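Here is a quick tour of the model below, going through the two ligand sites, then the salt bridges, then the cysteines.

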Amino acid sequence: MTILVTGGAGYIGSHTCVELLNTGYDVVVVDNLCNSKEEVLHRVKKITGKELKFYKVDLVNKAELTEVFRKEKIDAVIHFAGLKAVGESVSKPLEYYYNNITGTLILCEVMMEFGVYNIVFSSSATVYGNPATVPIREDFPLSATNPYGRTKLMLEEIFRDLYQSDRRWNIVMLRYFNPIGAHKTGLIGEDPKGIPNNIAPYITQVAVGKLDILGVFGDDYDTPDGSGVRDYIHVVDLSIGHVKAIEHIQHNPGIVVYNLGTGKGYSVFDLIKAFSKACRKDIPYVIKPRRVGDIAACYAEPSLARKELHWSAQRDLDEMCEDAWRWQSNYPNGYQNDKEIL
Ligand code: NAD
Ligand code: UFG
């Protein structure tokens, strides 16, 4: 069975390619490398000892995408490709709507032309906006506070409309909480461009000496220690969730949505402590004002995925931090490595 992975050179996509190959699927990656490097795919091959096919194609280029479907016999698609920086989406809304929405529309059109109706879509916990209570269930009200979040919300609606129009579609929408960590080998991991927006890569870059100090965005939230609480999930657990979704789609027609989270909330200070333990260094930090748009607490009720996908997260916060640190200390400059350890 052949899985097309859009955005397969990215952070979550590359880890998912590893799990798919290890499970025995054939993998075809489509990525325009706007936020990734081809090197990651060589590392995926090294980790798994298996081949995968790569096409440097932009999803908005219908002719090139069609060519991929003509050459490969695709059975299902895992759709990661998209722009994901919340702040950037506020300053470049058209870029985000064009890339994320148009790219997905073209992907679905081409899939239909080739009779491929199975898709797993990367949604996000951001679609819950500011939830009234935690843990968050899949049936909670949805809202978005920025263009990035709106693309996820709109795409979920578009997928529902698509399913209504043609019941041949089988769609699994996965709402990720906060993916962190890296593959156990330390060969692949998160490689953000420029100064990281997200906390985990920021902390690892402080630990490795690339950044001086972490800003903690607010210590006056209504949470146990005053800092923001999130559901950090190991990227490998998240990737295994996609393999489960591909298994699910083959036996359960329809459209479904699942939270992929651990169900546990950790504060910024918990995370700093766990990283300090993993890298055996103090992480210097300074308390800063709250970041605009942030919420106090966000963590999943993950039981639906446990029941229906037969999936639950296995790796704890210490393991997430140890694995993230292994990757960052092996490759301080990410895929532009200055140290070859293969
Ligand atoms: P990433 O940026 O590392 O990976 C996305 C990949 O898609 C990149 O390799 C990029 O080059 C590619 N891409 C973007 N636009 C493309 C296009 N038009 N055509 C072809 N390739 C394109 O991001 P990630 O963290 O791996 O996230 C993957 C998906 O999961 C995204 O859709 C993201 O919105 C979603 N998500 C991520 C998080 C997170 O915190 N990382 C949380 C929730 C949801
Ligand atoms: N934080 C800091 N300092 C930093 C960065 C973050 O204190 O330098 C805090 C935030 O205030 C928040 C927590 O760390 O309390 C996590 O922040 P991240 O930026 O790492 O993650 P978010 O929860 O804000 O958002 C992430 C993705 C979104 C996605 C969401 C849910 O960036 O795209 O998880 O999946 F929608």
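For sorting residues by character, Ala, Val, Leu, Ile, Met, Phe, Trp, Tyr, Cys and Pro count as nonpolar, Asp, Glu, Lys and Arg as charged, and the others, Gly among them, as polar. With that in hand, the shell around ligand 1 splits into 12 nonpolar, 10 polar and 4 charged residues. Keep in mind that this is a predicted model.

**Ligand 1**

There are 26 residues around ligand 1, and Asp-31, Asn-35, Ser-36, Phe-80 and Tyr-148 come nearest. Helix H1 (11-23), strand E5 (118-124) and helix H6 (147-165) each put at least two residues into this shell, with E5 giving the most, at 3 residues. On the polar side, a side-chain atom of Asp-31 sits 2.6 Å from an oxygen atom of ligand 1. Lys-84 also brings a polar side-chain atom to 2.8 Å from a ligand 1 oxygen, while Gly-10 uses a polar backbone atom, 3.3 Å from an oxygen atom of ligand 1. Taken on its own, ligand 1 has 820 Å² of accessible area, and the protein covers 95% of that.

**Ligand 2**

Ligand 2 has 21 residues around it, with Ser-124, Gly-215, Arg-230, Arg-291 and Asp-294 coming nearest. By character, that shell holds 11 nonpolar, 7 polar and 3 charged residues. Strand E8 (residues 214-217) provides the largest share, 4 residues. Gly-215 has a backbone N or O atom 2.7 Å from a nitrogen atom of ligand 2. Two side chains reach oxygen atoms of the ligand: an N or O atom of Asn-198 at 2.8 Å, and one of Arg-291 at 2.7 Å. The protein covers 89% of the 690 Å² of accessible area that ligand 2 has on its own.

**Salt bridges**

The count comes to 22 salt bridges. Here are three of them, with the N to O distance for each.

| Pair | Distance |
|---|---|
| Glu-39 and Arg-43 | 2.7 Å |
| Lys-62 and Glu-113 | 3.1 Å |
| Arg-315 and Asp-237 | 2.6 Å |

How many residues apart are Glu-39 and Arg-43 in helix H2? They are 4 residues apart in H2 (residues 39-48), so about one helical turn separates them. Glu-39 is partly exposed at 24% relative accessible area, whereas Arg-43 is buried at 0%.

The Lys-62 and Glu-113 bridge works across the sequence: Lys-62 is in helix H3 (residues 62-71) and Glu-113 in helix H5 (residues 93-113), so the pair ties together parts 51 residues apart. Lys-62 itself is partly exposed, with a relative accessible area of 30%.

Then there's the bridge between Arg-315 and Asp-237. This pair links distant parts of the chain, 78 residues apart, with Arg-315 in the loop between helix H10 (303-309) and helix H11 (317-330) and Asp-237 in helix H8 (residues 235-251). Arg-315 is partly exposed at 24% relative accessibility, but Asp-237 is buried at 2%. Both belong to a network of salt bridges that also takes in Lys-184, Glu-319, Asp-323 and Arg-326.

**Cysteines**

The disulfide count is 0. Cys-279 is in no disulfide, and the nearest cysteine sulfur, that of Cys-321, is 8.8 Å away. Cys-279 also counts as buried, at 6% relative accessibility. Why does Cys-298 make no bond to Cys-321, which holds the closest cysteine sulfur? The two sulfurs are 18 Å apart, which is too far for a bond. Cys-298 is buried as well, with a relative accessible area of 7%.

Conventions. Residues numbered from 1 in each chain as written. Chains lettered and ligands numbered in written order. Predicted model: local features only at pLDDT ≥ 70, side-chain atom pairs only at ≥ 80, totals over all residues. Heavy atoms only, no water. Near = heavy atom within 4 Å. Polar contact = N/O pair within 3.5 Å; in protein donor to acceptor, adjacent residues only side chain to side chain. Areas by Shrake-Rupley, 256 points an atom, 1.4 Å probe, with all protein chains shown as cover. Disulfide = S-S within 2.5 Å. Buried < 20%, exposed > 50% of the residue type's maximum accessible area, 1.4 Å probe, protein only. Salt bridge = Lys/Arg side-chain N within 4 Å of Asp/Glu carboxyl O.
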